[in-house]
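Colleague: I'd like to learn how to read charged pairs in a model. Could you walk me through it?

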Amino acid sequence: MPSRSVDADLSARIYNKHGRELSELRAALTASSRREDPSRLGRRQHRAGPMPSADDANINLTIVAETVEMGWFAPGPAPAGTCVTVSFAAHRKDAGYRTPLSLAECDAWMQALLDSSWMSHAYRCRCATGAAGEGVVSCRVFLDAAHKPVPKPAEVAAEACQPLN
């Protein structure tokens, strides 16, 4: 299967407009924001938005990022590390009801959120977790104990995750 590339121009426009919010969200997911703080272990959720869609001025986007220790996904022993699930939900500005967001735009937001070297370890998740539901697009990144991205460990039950690239 050929690799699908993220629209770099769209990703750059998103980052130029929302870099502060995305940097704050990324910092909340990294080791430096959790180091030595036992109250931040286990399951945590972070939000960004609502922010305007990059493709449609009538749509607002909310990003919810949830971090969970990998052991929560494994039926047995699991490697040390964290699973980060990033969910994108879009709502009409005028009426507030949920509306679909294109996968291309979600991929561009994911690229703007993550360091580009992490994108090779990003997965689209087609499973019902957290805020997942119709119209919500979820992606995952698996981080080792040093908070570096890694391929999905075999011990982690996440068969519905497919590589983004």
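Modeller: Happy to; we will go through the salt bridges and then one polar contact. Keep in mind that this is a predicted model.

Colleague: What lets charged side chains pair, and how many salt bridges are there here?

Modeller: Side chains of opposite charge can pair when their charged atoms come close. In this model the count is four salt bridges.

Colleague: Which residues pair within helix α1?

Modeller: One pair is Asp9 and Arg13, whose side chains form a salt bridge at 3.6 Å, N to O. These two residues sit four apart in helix α1 (residues 8-29), so about one helical turn separates them. Another salt bridge joins Arg20 and Glu24 at 3.2 Å, N to O; this pair too is four residues apart in helix α1, about one helical turn.

Colleague: Is Arg20 buried or exposed?

Modeller: Arg20 counts as exposed because its relative accessibility is 55%, and the cut-off is over 50%. Its partner Glu24 is partly exposed at 47%, and Arg13 is partly exposed at 43%.

Colleague: Where do Asp107 and Arg124 lie?

Modeller: Their side chains meet in a salt bridge at 2.2 Å, N to O. The pair links distant parts of the chain, with Asp107 in helix α2 (residues 103-113) and Arg124 in strand β5 (residues 122-125), 17 residues apart. Buried means under 20%, so Asp107 at 1% counts as buried, and so does Arg124 at 7%.

Colleague: Which side chain does Thr85 contact?

Modeller: The Thr85 side chain makes a polar contact with that of Arg140, at 2.9 Å. Thr85 belongs to strand β3 (residues 81-92) and is buried, with 5% relative accessibility.

Definitions and conventions
Residues are numbered from 1 along each chain as its sequence is written. This is a predicted model: local features need pLDDT of at least 70, side-chain atom pairs count only at pLDDT 80 or more; totals for chains, interfaces and linings use all residues. Side-chain values use heavy atoms; hydrogens and water are left out. Buried means under 20% relative accessible area, exposed over 50%, partly exposed in between (1.4 Å probe, protein chains only). A polar contact is a pair of N or O atoms within 3.5 Å; within protein, one must be able to donate a hydrogen and the other to accept it, and residues adjacent in sequence count only if both atoms are side-chain atoms.
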